[in-house]
Amino acid sequence: MSEVLAPGGPQAAHIAQLWWLMLAICAFVFIAVTLALGCAVLRARRATSETAPESPSTSGEKRVGLWVKAAAALSMLLLVILLGASVMTDRALARLPLDDALVVHVTANQWWWDVVYEDAQPDREFRTANELYLPTGRPVIVKLDARDVIHSFWIPSLTGKKDLLPGRTTTIQFRADKAGEYRAPCAEFCGLQHAFMTLDVVALAPASFDAWADAHRAPAATPSDPMELRGRELFVSGSCMLCHAILGTSANARSGPDLTHVASRAHLASVLPNTPVALAAWITDPQVAKPGANMPAHFLADADMRALLAYLGTLR
Amino acid sequence: MYSECRSHFTRALRITVVLMLVAGCEREERQLDPPPVKPDPRAQAAALSDFQPGKQGPGMRMLAAAGGYHEQSAYEVAQGKQLYRWFNCVGCHAQGGGAIGPALMDDNWLYGKSADAIFTSIVEGRPNGMPAFRGRIPEQQVWQLVAYVRSMSGLVPSGAEPNRSEGLLGAPPENLRDAQRPDEKH
């Protein structure tokens, strides 16, 4: 919640302004209604103790009528102000200048995010998973798609929500002005692991972002160590390559997250810290960390597991 | 007297309906953390070639009996449907209608329609093109694929058949197709 009130860009700032206005108006209405109710209770008590008159005087009735009319008019006015503020906020959100925008295609899956950085030059396109790096001060257009059920994209500090619908591409645009790490939880219940479907959002200064993107465009290097080579052999000859891709090897399936630079990520499967121990536990039995995940359990001999971990550790 | 009789009847009817609903609760129980199944030693053995014809042996039947196969579970069949596309079975068998590989939604079975026969076809491969997926597809997922392949010709309980697909599909949903009852001789 506090993230909504700490905007890191213009879109979130508009939403935060609207939020404060709504809070102020609603707080005022709440206090006014509470006071009116309190007055009514006190008056009623006094009236019963002095035996209520048979019929209220016409002048008293008139006064009450005026109060009701005034309250109704004020309510209407406040609602119109809220309506106007929402429309203005929507207009402001739609008017973000989009020159030189970065286009990112995000596809939601149960329960991970596939992130493709598009480019006018197809060979400069690259892919990552469960993380979204952004340059500061540059607008971003995110194309949203879902492969299985409805998910929702939401970076509270940067932008409002937008649903990801299977079979229909939607877009959302925003800009990050403050560098830093943000959190983007899936905001539409999407199944067993909905709570653990988060996207790590990192806004970097443009120069650092370009360096990061260049590093991610490169395919995985061929390892020199024999153990790492064995790990790579296990990856491309076993069941890993049926779902995962590592650029620069023969593994190029798209059903699971791309692993070309998996060792550089902060988290594994968006819940585990990216350490060799956590990775080994994840490969051996993914259902412990994320019950219901589509990744199957793998029984690897000790030596094979060590080789595989050594190889995956080189994918920086 | 009549109304009393009637209220008894209504109450009995309500209790029956509730009992029937409660009985349905357990039908689709899903085990999220199944006890680890030891991999089939045959799946570990080095393949002689990628196109090795397999024999349906007693080992496979024992595996099926050991509990890896659940064709009554709609979840397992639906997972099989997803894997069928993810693992590119579509590349040869299309959406079940067959292309360069044989059709899977008709009542012709070259190597048998039983679960263990289909398991063998996937794990061991078959002559003339079916690759052996030994060591590539984890056993639990092979069983899910087997359940889905059987569902295409109406061999799994109709309550477990998948209905709609999330993606585009070239054929009507499995639970709306006519069941193809394969002859016993195949």
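**Exercise 1. Determine how strands E1 and E2 of chain A pair in this predicted model, and how they are connected.**

Solution. Strand E1 (residues 102–109) of chain A and strand E2 (residues 112–117) of chain A run antiparallel to one another, and six bridges hold the pairing. To fix the register, locate Asn109(A): its partner across the pair is Trp112(A) in E2(A). Then follow the chain from E1(A) to E2(A): the connection is a hairpin of two residues. All of this refers to a predicted model.

**Exercise 2. Identify the sense in which E2(A) pairs with strand E3 of chain A, and give one pair of opposing residues.**

Solution. Strand E3 covers residues 126–129 of chain A, and E2(A) pairs with this strand in the antiparallel sense over four bridges. For the opposing residues, take Tyr117(A), which faces Phe126(A) in E3(A).

**Exercise 3. Describe the open sheet that contains E4, E10 and E9 of chain A, and place helix H3 of chain A relative to this sheet.**

Solution. Begin with the strand order: the sheet has three strands, arranged E4-E10-E9 (chain A), and its pairing is mixed. Next, find the edges: strand E4 (131–135) and strand E9 (180–185) of chain A each pair on one side only. The twist from one strand to the next averages 25°.

Now examine one pairing within the sheet. E4(A) and strand E10 (residues 198–204) of chain A are parallel, with five bridges between them. Within this part of the sheet, Glu131(A) stands opposite Asp200(A) in E10(A). Finally, add the helix: H3 (residues 206–217) of chain A packs on the sheet and touches both E4 and E10 of chain A. The direction of H3(A) makes about 135° with that of E4(A).

**Exercise 4. Assess the overall form of chain A from its radius of gyration, its extents and its domains.**

Solution. Compare the radius of gyration with the reference value: chain A has 28 Å, whereas a compact globule of 316 residues would have one near 20 Å. Then consider the extents: the C-alpha trace of chain A spans about 100 × 45 × 30 Å along its principal axes.

The domain division comes next: domain 1 (10–94), domain 2 (102–213) and domain 3 (226–313) make up the assignment for chain A. Between the C-alpha centres of domain 1 and domain 3 of chain A the distance is 59 Å. As for burial, 28% of the 316 residues in chain A are buried.

**Exercise 5. State how many residues each chain brings to the contact between chains A and B, and classify those of chain B.**

Solution. Chain A supplies 16 residues and chain B supplies 13 residues. On the side of chain B that touches chain A, seven residues are nonpolar, three are polar and three are charged.

Methods: Residues numbered from 1 in each chain as written. Chains lettered and ligands numbered in written order. Predicted model: local features only at pLDDT ≥ 70, side-chain atom pairs only at ≥ 80, totals over all residues. Contact = placed C-beta atoms within 7 Å. Nonpolar A, V, L, I, M, F, W, Y, C, P; charged D, E, K, R; others polar. Pairing = 2+ DSSP bridges. Axes fitted to C-alpha atoms, helices over the stretch in contact; angles between N-to-C directions. Domains from an automatic or database assignment. Rg over C-alpha atoms; globule rule 2.2 N^0.38 Å. Buried ≥ 20, exposed ≤ 12 C-beta atoms within 10 Å, placed from the backbone.
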